Each structure stands twice: as C-alpha cells, then as structure tokens.
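Below are some notes for a colleague who is opening this structure for the first time. Please keep the sequence and the model side by side while reading.

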Amino acid sequence: MRTFLLLKPVAIFLLVLHFVLRLSFDQPSIFIDLILFNLVGLLAAVIALRAPILTDRKAAFAIGYAQLIWSFGSILSTSNSFFETSFPSVISELCYALFYPLILFGVIRAFTQRVKIGALELLDTVIVAVGFTSVLTAFLLKPAMLTFTGSAFNVFLSILYPVGDIVILAISLVYLLLNPISKRSLLLCAGLLAFSLSDLLFIWLSINARYRFGSITDDGWILGLLLISLSLSYSGGEEKFSEKISSYSATIALIASGSLLGVAAFNPGYFPAFVLIPGFITIALAFIRMSFALQEANSAGTERALARTDELTGLSNRRNFLTFLNNTKTGFIFLLDLDGFKLVNDSLGHDAGDQLLRQVATRFSRVLPPNALIARLGGDEFGIIANIGEQEAVELSHAIQSTLSYPFLISGKEVRIGVSIGIAGFTDQSNASELLQRADEMMYEAKRGKDGMKIWK
C-alpha cells in the first residue's frame, strides 16, 4: 500500500518534468521522448493495476493492461525514430488498436464503481467495447480507402483510432450526464478528454503533414493516461442508470453488428473478411448473454416461488398466507391443527413426521374449492382461505375431516390422526388480525370440546 501511495506523486512529478523539459529543449531526445515519456505511461498502468479494492478489479485490470499495451506500442514506435534497427510498424499499430476496446471496457466498469459485477453486466460491456469500435470503423472503411493509401487492414487501423476516441468520449459523456458528479467521474472524463483530443489532433496534423515528433502536444496522451489511473483511487457517486446504459448500449451494438453482417450478405466483397470477425464475435456474445439472462430470470422466478412456498409440503407459507388474507374481503378463514401428530413425531421420528405432513397436505388440497388457498403456517398447523358461503364452509370442514378418516402408511406402519378446525368469516368491520384471532379461538375450543370443528358467529 505504501508503494502504491508513492507511485502517484512519482508519476505526477515525472509528467511535470517531461512537460518542462519538452518546453526547454526543442529537439527530440532519447531521454525525454523515449524514456521519460513512456515511463509515465508505464507508471499509469501500474497505478491502475494496483488500484484500491473499492474499484471493480476487472475495470482496474482492463484500464491497466490497456495502458500497458499502449505504452509498449509507444516504446516500439518511438524507438524507430531514434535507432536504425526498426520494429515492424504493424506491431505498434496493433497495440494502439487493442487499447480502445480494453479502455472502453474499463471505463464503463469504472463509472459503475462496483467491486463485483454480474455475468450480464460483464457481457454487456464486452459487447459495447467490441461492437461499437469495430462496427463503426467497418462502415467508415470504404469511404476512407478513397482518401488513405495502403492496404485495407492498414486503413482499418488508421480509422479505428478516431472512431475509438469518439466512442469513448460519447460513452463517457452519457455516464457523466446521467450519474452523480464525483472526483472519479471528473478525473475519468478529464483523462479521456485529454487523451482523445491529443489523439485526434495528432491524426489531423499527420493528415496535413504538420505533425512533428516530440512536440508538446504529445503530453496530452500521458496526461490522459495518468488521470484515468488516478481516478480509480477515488470513490464514485451512487450509480443510478449504469445497468440500463450498459444494456441499451449493448443492444445498439448488437443491432449495428447485425446490420454489418446484413450488408456483407447482400453485398459480398463489400467488406474485407477480417472486418466481419468482430461482428460475429459481438453476435456470439449476445447469444451467450441471452443464455445468462434466461438463467437469471429462471433463478429469480424460483427464488420468488420459494419465498412464498413451504419447503416441506410445497404449500404456501405463512408469509404468503398473511399477504393473501390482507387482500381478501369475503369468505371464510380456516385454522387447522392436527390431533395426535406429536405422538407420531415423537414415537416414529421427525422423518416420519415430515412424511405425514406431506401426505396430509396432499389430502387437504384435494377437497378444496377452486381459488381457495391452503398454507402450512408452521409445525402441524395449516390455514385455508376460501371465498364461500357459511353452509359451504361447514361442508368443507367436514370434507377436510373426512380426508383423515382412513389411516396413513408411514414407514410401514398405519398411523391415524385427527384435526381440529376453527372457522371465522369476513365481515365489513373485521380485519386480518381479528379474523386470525377468532379462528384461533374457535380452533382451540374445538380441540378442547373434541368435536372437531367450531365456527365463529
């Protein structure tokens, strides 16, 4: 932790030193432009990779490795300006190209400011990162080839940079406008703005043959990288729309990828084959996302059902019974307590008691009228809510008692039990707690009188 705290002032000092030396010395220098310049970029990567735990680790790693790859590309291209032995330019170009999907992924996750993220959010950000940058670049490739020279792949890489800069700025602006302002969001946006504007200025100067290697404008790149890394050390504001933004952005990216492949299908040869690969990847990721979404929806549905269901009998639980009771205005409430259940439970064991409760629940359920609710309220107590008349309530109580008139077969032994039923009817003045109390009183009165059923009048 101490080392991490030292990295930030060291990186800031080296950035300021590079800026001062660049102003003081007009000619390119190995120390200033190769060593000092790229050292700031490497330190920014280390700061991001070692960000505090309050940052989503995937965001920190994506930003850190994006900066590390960009710095590696910068080292190769800068070395070519000073030494006769040159590295293939395609390596540095690929490094710069890989920077964009990684930094976009990291930035989206950094704005959400979570320590952990779900599979859906992770896939959304990957779809956005891969889909937007590659698809927009693909659609700009054809007109760009009329202006730029070189192979289709080189032109693709050339226009990937400005497209990536614009996409990053657009996504950042959306998050900044729709989420609370914080030190993190301000530093993130300032860093992205500095990097993207420097990149766009470099492209414009290069097109017009006005760019000079080692100019002061190059400092915008390392300033942007450092600000992005420093932002990860701060906590962001409470997120409001991050999940929706990611989901909507992923949907747009998917539509764009589908359009890309559609154009390629109707106009074979319009796009080079390598351009279509990101489109296929985006659509494949979208299908994987759909699979995860269905799994989560099924899990959520199961969890909601379990929250309303008694695990042993499969009937409604007490919580769902009370919710239903509070929303009911007419009919009768039945409270049922099994007679002789404790003896079975104590003599044959809890497993036998559980078997008995399940069989009782099945028998009770068979005689209920349509739209009636039966619940296990706890132990050997059950509750029923039925929208029926008084005579039907009496008949239902007799039907319930009849279900226990023949024995149960538990663990190879015949078991007989009875049931005491308390019944209370809804009135204009009654509320849920009063009904429960009245039905409970009737149930205990029925148990004491051993007549099986009592109805409150």
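1. The model is predicted. A place to begin is one bridge in a pair of strands: R376 has F382 as its bridge partner, and F382 lies in β3.

2. The two strands involved are β2, residues 373–378, and β3, residues 381–386. They run antiparallel, and 5 bridges join them. Between the strands of this hairpin there are 2 residues, and G379 takes a positive phi near 60°.

3. How much of β2 is buried? Of its 6 residues, 5 are buried, so the strand is largely enclosed by the rest of the structure. In general, side chains in a regular strand alternate between the two faces of the sheet.

4. The remaining points concern helix α3, which spans residues 57–82. Both S71 and G73 are placed in this helix.

5. Is S71 buried or exposed? The relative accessible area of S71 is 0%, and the cut-off for buried is under 20%, so S71 counts as buried. Leaving aside residues up to four places away in sequence, S71 touches N38, G41 and L42.

6. G73 also has a relative accessibility of 0% and therefore counts as buried. Which residues does G73 touch, not counting those up to four places away in sequence? They are S92, C95 and Y96. In addition, G73 and E93 are 7.0 Å apart in space, C-alpha to C-alpha, with a sequence separation of 20 residues.

7. Helix α3 also meets helix α8, which covers residues 219–231. The axes of the two helices come within 10 Å and cross at roughly 160°. Angles over 145 degrees count as roughly antiparallel, which means that α3 is roughly antiparallel to α8. The crossing of α3 and α8 is left-handed.

8. Which residues of α3 and α8 make this contact? On α3 they are I63, Q67 and W70, and on α8 they are W221, L225, I228 and S229. Sorted by type, the residues of the contact of α3 with α8 comprise 5 nonpolar and 2 polar, with no charged residue.

9. For a second look at the model, three places may be useful to display. One is the hairpin of β2 and β3, with G379 and its positive phi. Another is the surroundings of G73, where S92, C95 and Y96 are in contact with G73. The third is the left-handed crossing of α3 and α8.

Terms used. Residues numbered from 1 in each chain as written. Predicted model: local features only at pLDDT ≥ 70, side-chain atom pairs only at ≥ 80, totals over all residues. Heavy atoms only, no water. Helix = DSSP H or I, 4+ residues; strand = E, 2+ residues; numbered from the N terminus. Buried < 20%, exposed > 50% of the residue type's maximum accessible area, 1.4 Å probe, protein only. Contact = heavy atoms within 4.5 Å. Pairing = 2+ DSSP bridges. Axes fitted to C-alpha atoms, helices over the stretch in contact; angles between N-to-C directions. Parallel < 35°, antiparallel > 145°, perpendicular 65-115°, else oblique. Left-handed = near helix turned anticlockwise from the far one by under 90°. Nonpolar A, V, L, I, M, F, W, Y, C, P; charged D, E, K, R; others polar.
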